[in-house]
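Fancy a bit of practice with the coordinates open? Work each exercise on screen before peeking at the solution.

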Number of protein chains: 2
Amino acid sequence: MTEESILANVRRYARGIGDDCAVLKPPTAKQDMLLTTDFTIEDVHFTRDWSAERVGHKAVARSLSDIAAMGGRPLYCLVSIALAPWVDQTWLNGFYSAANDLLQTTKAWIAGGDISHARQLVVSITICGAALKGKALLRSGARQGDLIYVSAPLGGWKIKTVIEPRLDLGRKLVGKASACMDITDGLALDLHKLGLMSNVGAALEEVPLLPGATLDQALYDGEDYELLYAVPSAVRVPGIRIGVITSGPAGVVNYEGKPLEPKGYDHLLHRS
Amino acid sequence: MTEESILANVRRYARGIGDDCAVLKPPTAKQDMLLTTDFTIEDVHFTRDWSAERVGHKAVARSLSDIAAMGGRPLYCLVSIALAPWVDQTWLNGFYSAANDLLQTTKAWIAGGDISHARQLVVSITICGAALKGKALLRSGARQGDLIYVSAPLGGWKIKTVIEPRLDLGRKLVGKASACMDITDGLALDLHKLGLMSNVGAALEEVPLLPGATLDQALYDGEDYELLYAVPSAVRVPGIRIGVITSGPAGVVNYEGKPLEPKGYDHLLHRS
């Protein structure tokens, strides 16, 4: 692959490439701007036996899920890729095509990126989005007595092959949920984090499982990319009710009479 | 290093970390938004014998230079790092501290990022900035007869240890320069690219060299991070005049009576 052949590829999917920065219309004065960025790395977030399309989809879906968790709308995406020696033109086509396809289901598009090389494949996705001013869903607003929901059954890391970012649900929760985040590290650790940020505890009543998933997978595996949210009990929202926010101690999640250990996906340990 | 010890480090320099996205005030309706992202990778853009501070400075400077080239102002920075096994807490402190120090000389700040791990160290920096609406400096506006300038003598890849992003100069060129970019791939290739985007040629008259630099280094090495710009001859601007824009052929750069080969830094070849 030459640099020119790669750039020809990128230009097919990215508008406005060519200057040192992408020049874009900013969110409006009635909006807050959202920025999020995520790595997707060979042997950490995927293995070489995955299809190029699956890697492209996952890389973009991880960041879209962050926008969903804030109740936002994605606008622009930067796709950066450090190519490993084994990547060829066909792989790269599949990767960009899948990334682009997923973005097109939202109204966002690829506005730029960077290309380099490394010994293992490294993708870095940045998404710029917008939320209603002052209305973005944070992790810090949950109050005692709020009901806790998840968007779908959990334990999907080894079971689900496609991540569906919950953008529609996230926007429906704006003005309703008191706190929201996406589940990337496992329910136990993520609910612990939400509790810490909100200075509350949680009583977990039930853990909805995907067919074939175990309780341990749902609690500790992570990579579900479902939304986890707290909602005042009088407010109706879609989702599966899993528990209730308690007065504390902050971050402590009780389940079946005892506190859950706040363990889950560790970003510094290998997994594959 | 534990994930918590690293996050404690990041929180020292990054405001507002904790939610799934950073929530930020967007550029105003009188501005365009600028987005740029750059990898800085071990054994590609630096080697392990560099100090942590030098790596942190370079990583951020590369993206600031892109904002400078557009005549913009940096606002927010996302710092993502995939840690190699050799990175320790002291190194990480030095890296973030230098990245933060450079950003503080502008008015930008670290608004978020991601942390993961890889076999070699990979940094990905994204900067969001702003330019006066419709006034961002592009590569595509140079016209026949415009004078060509660079911001300083060239050939600095092996000589300069610190990159100074030319943010003040970039903003001074707004409304004056007809085209602008930063020199990352070498003068020969970058002037060729500016010519292609503007559909013009160039006659190079002289190449200002840093003390100790050779002509070949200035033409082909890249990594100068100086600005290259075209300006109508009646307009006065700071900088060193190096030539004149010609009618074409598009992208052809003549020097000492013959066309320069459009070669330079190849983003897919190893260098160290």
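The exercises below go through one chain, its domains, the pair of chains and a sheet, and the model is a predicted one.

**Exercise 1. Work out how chain A is built and how compact it is.**

Step 1. Start with the secondary structure: chain A has 6 helices and 13 strands.

Step 2. Now check the radius of gyration. For chain A it comes to 19 Å, close to the 19 Å that the globule rule gives for 272 residues, so chain A is as compact as a globular protein of that length.

Step 3. Add the extents. The C-alpha trace spans about 60 × 45 × 25 Å along the principal axes of chain A.

Step 4. Look at burial and contacts. Of the 272 residues in chain A, 55% count as buried. Take the contacts in chain A with a separation of 6 or more: residues 24 or more positions apart make up 90% of them.

**Exercise 2. Find the domains of chain A and describe how they touch.**

Step 1. Split the chain: domain 1 covers 3-132 and domain 2 covers 147-255.

Step 2. Place them relative to each other. Their C-alpha centres are 26 Å apart.

Step 3. Count who takes part. Domain 1 of chain A brings 16 residues to the contact, and domain 2 of chain A brings 16 residues.

Step 4. Ask which element gives the most on the domain 1 side. That's helix 2 (residues 52-69) of chain A, with 10 residues.

Step 5. Sort that domain 1 side by character: 7 residues are nonpolar, 5 polar and 4 charged.

**Exercise 3. Identify the rotation that superposes chain B on chain A, and the kind of axis it belongs to.**

Step 1. Superpose chain B on chain A: the fit takes a rotation of 180° with 0.0 Å of shift along the axis, at an RMSD of 0.0 Å.

Step 2. Name it. This is the relation of a two-fold axis.

Step 3. Find the residue of chain B that comes closest to the rotation axis. It's Pro26(B), with its C-alpha at 3.1 Å.

**Exercise 4. Describe the interface between the chains as seen from chain B.**

Step 1. Count the residues: 57 from chain B are in contact with 56 from chain A.

Step 2. Locate them. Elements that give two or more residues on the chain B side include strand 1 (22-24), strand 2 (31-41), helix 2 (52-69) and strand 3 (73-83) of chain B. Strand 2 of chain B gives the most, with 10 residues.

Step 3. Sort the chain B side: 31 nonpolar, 14 polar and 12 charged residues.

Step 4. Compare the two copies. Of the interface residues of chain B, 98% are also interface residues in chain A, so the copies meet through the same surface.

Step 5. Zoom in on the strands that cross over. Strand 2 (residues 31-41) of chain A pairs with strand 1 of chain B in the antiparallel sense, over 3 bridges. There, Met33(A) stands opposite Leu24(B).

**Exercise 5. Trace the 7-stranded open sheet in chain B and say which strands stand at its edges.**

Step 1. Write down the order: 8-10-7-11-9-12-13, with mixed pairing.

Step 2. Go to the ends. Strand 8 and strand 13 (258-259) of chain B each have a single partner strand, so one side of each is left without a neighbour in the sheet.

Step 3. Check one pairing inside it. Strand 9 (residues 201-204) and strand 11 (residues 240-246) of chain B pair in the antiparallel sense over 4 bridges, and Ala202(B) stands opposite Ile245(B) in strand 11.

Notes. Residues are numbered from 1 along each chain as its sequence is written. Chains are lettered from A and ligands numbered from 1 in the order in which they are written. This is a predicted model: local features need pLDDT of at least 70, side-chain atom pairs count only at pLDDT 80 or more; totals for chains, interfaces and linings use all residues. Two residues are in contact if their C-beta atoms, placed from the backbone, lie within 7 Å. Ala, Val, Leu, Ile, Met, Phe, Trp, Tyr, Cys and Pro count as nonpolar, Asp, Glu, Lys and Arg as charged, and the others, Gly among them, as polar. Two strands pair if DSSP finds at least two bridges between them. The radius of gyration is taken over C-alpha atoms; the globule rule is 2.2 Å times the number of residues to the power 0.38. A residue is buried if 20 or more other C-beta atoms lie within 10 Å of its own, exposed if 12 or fewer, and partly exposed in between; C-beta atoms are placed from the backbone. Domain bounds come from an automatic or database domain assignment. Copies are superposed by least squares on the C-alpha atoms of residues with pLDDT of at least 70 in both.
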